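Me: Please pick one part of this model and go through it closely, at the level of a first-year student. I would like to see how that part is paired, how it is covered and which contacts its side chains make.

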Amino acid sequence: MSTTDENVAHEEMLQRLLQHLLSTDDLDELCADAGLPVFIGRDGQPVYVREAALYDDAAVMTLNRGLVIRLSDGGEFQLTIVTSRHPDRPAQVRPPGTVA
């Protein structure tokens, strides 16, 4: 791992990780992997994440980071990431695709 001079924004990394997770797997697969029931829409098909938009992209008026999650059944949810404690020292980062 290499150390960066900048303080890595943990909130931004978590936000983008959650966006990626919700955008790449079907909601029914995520539920099954977590041992949770699967939501079924009126059409009898599993409900899926139609969009997982970053707060900035969804024009949410807040200084917090987070996601607006829009589901195929019309449901819309906001997931806010709030720092409750900062790390004791600057984060270390490793570029994607490199091995530790």
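Reply: The count of salt bridges comes to 4, in a model that is predicted. The part examined here is strand β3, which spans residues 65–71.

Start with how the strand is covered. Of the 7 residues of β3, 6 are buried, so the strand is largely enclosed by the rest of the structure.

Next come the partners of the strand. β3 pairs with β2 in the antiparallel sense, over 5 bridges. β2 covers residues 49–54. Within this pairing, Glu-51 stands opposite Arg-70 of β3. β3 also pairs with strand β4, residues 76–81, and this pairing is antiparallel too, over 6 bridges. Two of its positions can be named: Arg-65 has Ile-81 of β4 as its bridge partner, and Leu-67 has Leu-79 of β4.

What do β3 and β4 form together, and how many residues lie between them? They form a hairpin, with 4 residues between the two strands. Gly-74 belongs to the turn, where its phi is positive, at about 95°. In terms of place, Gly-74 is in the loop between β3 and β4. Gly-74 counts as exposed because its relative accessibility is 60%, and the cut-off for exposed is over 50%. From Gly-74 to His-20 the distance is 21 Å, C-alpha to C-alpha, with their positions 54 residues apart in sequence.

The other side of β3 in sequence is also a loop, the one that runs between β2 and β3, and Ala-59 is found there. Most residues other than glycine have a negative phi. Ala-59 has a phi near 55°, which is a positive value in a residue that is not glycine. Its relative accessible area is 58%, so Ala-59 is exposed.

Now the charged side chains of the strand, beginning with Arg-65. Is Arg-65 buried, partly exposed or exposed? At 28% relative accessibility, Arg-65 counts as partly exposed. Its side chain forms a salt bridge with Glu-12, and the closest N and O atoms of the pair are 3.7 Å apart. This contact links distant parts of the chain: Arg-65 sits in β3, Glu-12 sits in helix α1 (residues 10–24), and 53 residues separate them. Glu-12 is also partly exposed, at 28% relative accessibility.

Arg-70 is the next case. Its relative accessible area is 18%, and the limit for buried is under 20%, so Arg-70 is buried. Arg-70 forms a salt bridge with Glu-51, with 2.7 Å between the closest N and O atoms. Arg-70 lies in β3 and Glu-51 in β2, so the pair ties together parts that are 19 residues apart in sequence. These two residues also stand opposite each other in the strand pairing. At 33% relative accessibility, Glu-51 is partly exposed.

Arg-70 has another salt bridge, with Glu-76, and here the closest N and O atoms are 2.9 Å apart. Glu-76 counts as partly exposed, because its relative accessibility is 47%. Salt bridges with shared partners also join Arg-65, Glu-12 and Arg-16 into one network.

To sum up the strand: β3 pairs with β2 over 5 bridges and with β4 over 6 bridges. Arg-65 forms a salt bridge with Glu-12, while Arg-70 forms one with Glu-51 and one with Glu-76.

Two places elsewhere in the chain can be set beside this. One is a negative surface patch formed by Asp-25, Asp-26, Glu-29 and Asp-33. Asp-26 of this patch is found in the loop between α1 and α2, the latter being residues 27–33. At 41% relative accessibility, Asp-26 is partly exposed. The other place is Gly-97, in the segment after β5 (92–93). Gly-97 is exposed, with a relative accessible area of 82%. The C-alpha atoms of Gly-97 and Glu-12 are separated by 19 Å, and the two residues are 85 apart along the chain.

Note on methods: Residues numbered from 1 in each chain as written. Predicted model: local features only at pLDDT ≥ 70, side-chain atom pairs only at ≥ 80, totals over all residues. Heavy atoms only, no water. Pairing = 2+ DSSP bridges. Buried < 20%, exposed > 50% of the residue type's maximum accessible area, 1.4 Å probe, protein only. Patch = residues over 30% accessible without salt bridge, like charges linked within 9 Å, V, L, I, M, F, W, Y side chains within 5 Å. Areas by Shrake-Rupley, 256 points an atom, 1.4 Å probe, with all protein chains shown as cover. Lys, Arg positive; Asp, Glu negative; His and termini not counted. Charge placed at Lys NZ, Arg CZ, Asp CG, Glu CD.
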